[in-house]
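Please open the model in a viewer and set it to a cartoon representation. The tour below proceeds by selection, with a short account of what each selection shows.

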Amino acid sequence: MREQIRLARQYMQALPGSLGIVLHDRVTGATWEWGSATTLFPAASTIKLAMVTDILQRGVTLTPAAQDQMFQALFTSNDNDADDLWYAYEDGSFMNRIRAFGMNSTQFTNSAYWGNVDTTAQDLDNLMNYVLGSASPSTRSYLVFRLRHVSGIDQQWGVWGAGPQNQPGNKDGWEQDPNGYGVWYTNTVGFAGPDERYTLAIMYGMGSFGENGNAGFSYGTNALTQISSLLFQGHHTALQPVPQASAVP
């Protein structure tokens, strides 16, 4: 893994903007951090993983409709379904409960709502390790399966770059600066390797790509995929065209 980390560092040093990464080996306990690993970035849709984990760990009885909303919040990262879950099962106390997941720096940016959250790569990696190591067996089983089977339309990037031989699973998220400066953020958190040996979280804030279009989305998703590929496969992976994104999933 040392050589793979060297290759990833070399690649990341040439990227514009600010990037934080945490890689953790669940077998040896070793952790590698780089860049802005403890810096707050917009969480975007990665926080949906924390929301679903919280609801499952509380043992909430879900209606069939809510079960489908949970599925869609992870599979396609659908914002409307995440909204329905939030307003039915969450409130401002959510932030207190996710401290148990190791998300100690995560915070609301204004009103209590899943879309108003900043977090760090370290907090996301802590969340992933909580799911794999401390969550109930039913929660762990559900989330591992769901993260391994996300939509191929626009969710299979980032940690997914580890390649099928490493059986990755991930929750991705992206957001364009709401202030209109054209700055894009792309985030990924997940696992890879035999028995989900490694956890990986990356948060990336890029420079301006203009207020219109999705060049920043494509650039960021490919960059995060390359990092994961370098770490787990030891080489660059082919650049795949990513569908244009106009929402903030």
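The stops that follow go from the whole chain to single elements, then to individual residues and charged pairs.

**The whole chain**

Begin with everything selected, bearing in mind that this is a predicted model. The protein chain holds eight helices and eight strands. Its radius of gyration is 17 Å, close to the 18 Å that the globule rule gives for 249 residues, so the chain is as compact as a globular protein of that length. Along the principal axes, the C-alpha trace spans about 45 × 45 × 30 Å.

Colour next by accessibility. Of the 249 residues, 56% count as buried. The accessible surface of the chain amounts to about 10200 Å², and carbon and sulfur atoms contribute 49% of that area. Should contacts be displayed, consider those with a separation of 6 or more: residues 24 or more positions apart account for 63% of them.

**Helix α6**

Select residues 121-133, which form helix α6. A distance between the end C-alpha atoms reads 18 Å, in agreement with the 18 Å that 13 residues should span at 1.5 Å a residue. Now show the surroundings. Eleven of the 13 residues are buried, so α6 is largely enclosed by the rest of the structure. The buried set includes the polar side chains of Gln 122, Asn 129 and Tyr 130, and also Asp 123 and Asp 125. Leu 124, Leu 127, Met 128, Val 131 and Leu 132 are buried as well, as is Ala 121.

**Strands β6 and β7**

Move to residues 183-192, strand β7, where ten of the ten residues are buried. Display the side chains and view the strand edge-on. Val 183, Tyr 185, Asn 187, Val 189 and Phe 191 point one way, while Trp 184, Thr 186, Thr 188, Gly 190 and Ala 192 point the other way. Both sets are buried.

Add β6, residues 169-176. The two strands run antiparallel and are joined by eight bridges. To find the register, select Asn 170, which stands opposite Gly 190 of β7.

**Two residues with positive phi**

Most residues other than glycine have a negative phi. Two exceptions merit a stop. Select Ala 44, in the loop between β3 (41-42) and α2 (47-57); its phi is near 50°. Ala 44 is buried, at a relative accessible area of 8%.

The second is Gln 167, whose phi is near 45°. This residue occupies the loop between α7 (137-148) and β6. Is Gln 167 buried or partly exposed? With a relative accessible area of 44%, Gln 167 is partly exposed.

**Charged pairs**

Side chains of opposite charge can pair when their charged atoms come close. The count of salt bridges in this model is nine, and three of them are visited here.

Select Arg 6 and Glu 3, whose closest N and O atoms are 2.7 Å apart. Both lie in helix α1 (residues 2-12), three residues apart, or about one turn of the helix. Each partner is partly exposed: Arg 6 has a relative accessibility of 42%, and Glu 3 has a relative accessible area of 41%.

Next, select Arg 58 and Glu 90, a salt bridge with closest N and O atoms 3.4 Å apart. This pair links distant parts of the chain, 32 residues apart: Arg 58 is in the loop between α2 and α3 (64-75), and Glu 90 in the loop between α4 (79-89) and α5 (94-97). Arg 58 is partly exposed at 37% relative accessible area, whereas Glu 90 is buried at 7%. Extend the selection to Asp 54 and Arg 97, since these two and the pair just seen are linked in a network of salt bridges.

For the final stop, select Glu 196 and Arg 140, whose side chains meet in a salt bridge at 2.9 Å, N to O. Glu 196 is in the loop between β7 and β8 (198-208) and Arg 140 is in helix α7, so the pair ties together parts that are 56 residues apart in sequence. Glu 196 is buried, with a relative accessible area of 9%, and Arg 140 is partly exposed, with 23%.

Note on methods
Residues numbered from 1 in each chain as written. Predicted model: local features only at pLDDT ≥ 70, side-chain atom pairs only at ≥ 80, totals over all residues. Heavy atoms only, no water. Helix = DSSP H or I, 4+ residues; strand = E, 2+ residues; numbered from the N terminus. Expected span 1.5 Å × (residues − 1). Buried < 20%, exposed > 50% of the residue type's maximum accessible area, 1.4 Å probe, protein only. Pairing = 2+ DSSP bridges. Salt bridge = Lys/Arg side-chain N within 4 Å of Asp/Glu carboxyl O. Rg over C-alpha atoms; globule rule 2.2 N^0.38 Å. Contact = heavy atoms within 4.5 Å. Areas by Shrake-Rupley, 256 points an atom, 1.4 Å probe, with all protein chains shown as cover.
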